[in-house]
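I opened this entry to keep track of what I looked up and in what order. The notes are short and follow the structure from the overall fold to single residue pairs.

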Amino acid sequence: MLTTEKERIMKKSLILLSAVFAAGAAHADEMSDAQTFVKKASMSNLLEIESSKLALEKAQDPEVKAFAQQMIDDHTKAGNALKAAISESGLNGLQPQTSLSEKEQEKMADLREESGEEFDEEYVELQEDAHDRAVELFEDYAEDGENAALQKFASSTLPTLKQHEDHADELDDEGFWD
């Protein structure tokens with residue numbers, strides 16, 4: 001059966017629209033995956049920097065203060081690297097978090113309430129927890145992330161996060177505040 005020119009054009013249009021829709025859906029999945037990673041990574045980064053700034057003011061132990069300065073330095077670099085990866089990602093509208101969530105604000109408020117050795121202990125525990133979650137997030141994205149630029153960022157940042165995780169664990173194990 002011969003199709004009319006109109007029918008042929010309609011079939012081609014439907015095929016083209018289907019392809020465009022499929023590509024759009026794949027892009028939306030990648031964007032959603034990337035947005036989740038960027039949101040969680042940048043929120044963790046902010047918490048680690050803000051709590052470390054507070055630790056520079058309130059920590060009693062010199063090792064804790066040195067760790068806090070390292071967190072500020074390393075996570076400031078990581079934040080800049082994340083911004084560069086976002087630019088390279090090709091995903092328009094993707095932005096890192098610029099303020100703490102309500103949950104993280106509560107953690108900071110609780111930390112501000114502490115002083116002396118209790119502050120040091122709470123700060124180190126916060127860093128342990130934050131780095132445990134960050135390492136898991138970055139490992140997952142480095143392995144399964146859908147955006148190559150962000151995946152590369154996750155992979156390259158992971159060793160530093162693991163060092164921070166180990167360092168926080170060592171500080172906690174020392175138990176100098178017990």
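The entries below go from the fold to the cores, the aromatic rings and the charged pairs.

**Entry 1: fold and confidence**

I noted at the start that this is a predicted model. I looked up the secondary structure and found five helices and zero strands. Read from the N terminus, the order of elements is α-α-α-α-α.

I then checked confidence. The mean pLDDT of the protein is 87, with 83% of the residues at 70 or more. By element, H2 has the highest mean pLDDT, at 97, and H1 the lowest, at 74. I looked for a weak stretch and wrote down residues 17-30, where pLDDT stays under 50. For that stretch the model has five contacts beyond four places in sequence.

**Entry 2: burial and surface**

I looked up how much of the chain is covered. The protein has 178 residues, and 39% of them count as buried. Its accessible surface comes to about 10,500 Å², and carbon and sulfur atoms account for 51% of that.

I also checked how far apart in sequence the contacting residues are. Among contacts with a separation of 6 or more, 76% are between residues 24 or more positions apart.

**Entry 3: nonpolar cores**

Which residues touch the most other members of the largest nonpolar core? I found Phe37, Val38, Leu94, Phe138 and Leu150, out of 20 residues in that core. Helices H1 (5-58), H2 (62-89), H4 (116-144) and H5 (148-174) each supply at least two of its residues. H4 gives the most, with six residues.

Apart from this core I found another, of 19 residues. Its members include Leu47, Ala55, Ala59 and Leu111.

I went back to Phe138 and listed what it touches, leaving out residues up to four places away in sequence. The list is Phe37, Ala41, Phe153, Ala154, Thr157, Leu158 and Leu161.

**Entry 4: aromatic rings**

I counted six aromatic pairs. In the pair of Phe37 and Phe138, the ring centres are 5.1 Å apart and the planes stand at 65 degrees, so I logged it as edge-to-face. Phe37 is in helix H1 and Phe138 in helix H4, so this pair ties together parts 101 residues apart in sequence. Both rings belong to buried residues: Phe37 has a relative accessible area of 1%, and Phe138 has 5%.

Phe37 also forms an aromatic pair with Phe153, again edge-to-face, at 6.3 Å centre to centre and 65 degrees between the planes. Phe153 lies in helix H5 and Phe37 in helix H1, so here the parts tied together are 116 residues apart in sequence. Phe153 counts as buried, at 5% relative accessibility.

Which residues make up the aromatic cluster? I noted Phe37, Phe138, Tyr141 and Phe153 as one cluster.

**Entry 5: salt bridges**

As background, I noted that side chains of opposite charge can pair when their charged atoms come close. How many salt bridges does the structure hold? I found three.

I took Lys53 and Glu50 to begin with; their closest N and O atoms are 3.7 Å apart. The two residues are three apart in helix H1, which means about one helical turn separates them. Lys53 is partly exposed, at 41% relative accessibility. Glu50 is partly exposed too, with a relative accessible area of 29%.

I then looked at Asp129 and Arg133, whose side chains meet in a salt bridge at 3.2 Å, N to O. They are four residues apart in helix H4, so again about one helical turn lies between them. Asp129 is partly exposed, with a relative accessible area of 38%, and Arg133 is partly exposed at 36%.

Lys162 and Glu139 form a salt bridge as well, at 3.4 Å, N to O. This pair links distant parts of the chain, with Lys162 in helix H5 and Glu139 in helix H4, 23 residues apart. Buried or exposed, or in between? Lys162 is partly exposed at 34% relative accessible area, and Glu139 is partly exposed at 33%.

Definitions and conventions. Residues numbered from 1 in each chain as written. Predicted model: local features only at pLDDT ≥ 70, side-chain atom pairs only at ≥ 80, totals over all residues. Heavy atoms only, no water. Core = buried A, V, L, I, M, F, W, Y, C linked by side-chain atoms within 4.5 Å. Buried < 20%, exposed > 50% of the residue type's maximum accessible area, 1.4 Å probe, protein only. Contact = heavy atoms within 4.5 Å. Salt bridge = Lys/Arg side-chain N within 4 Å of Asp/Glu carboxyl O. Areas by Shrake-Rupley, 256 points an atom, 1.4 Å probe, with all protein chains shown as cover. pLDDT = per-residue confidence, 0-100. Phe/Tyr/Trp six-rings, centres within 6.5 Å; stacked < 30°, edge-to-face > 60°.
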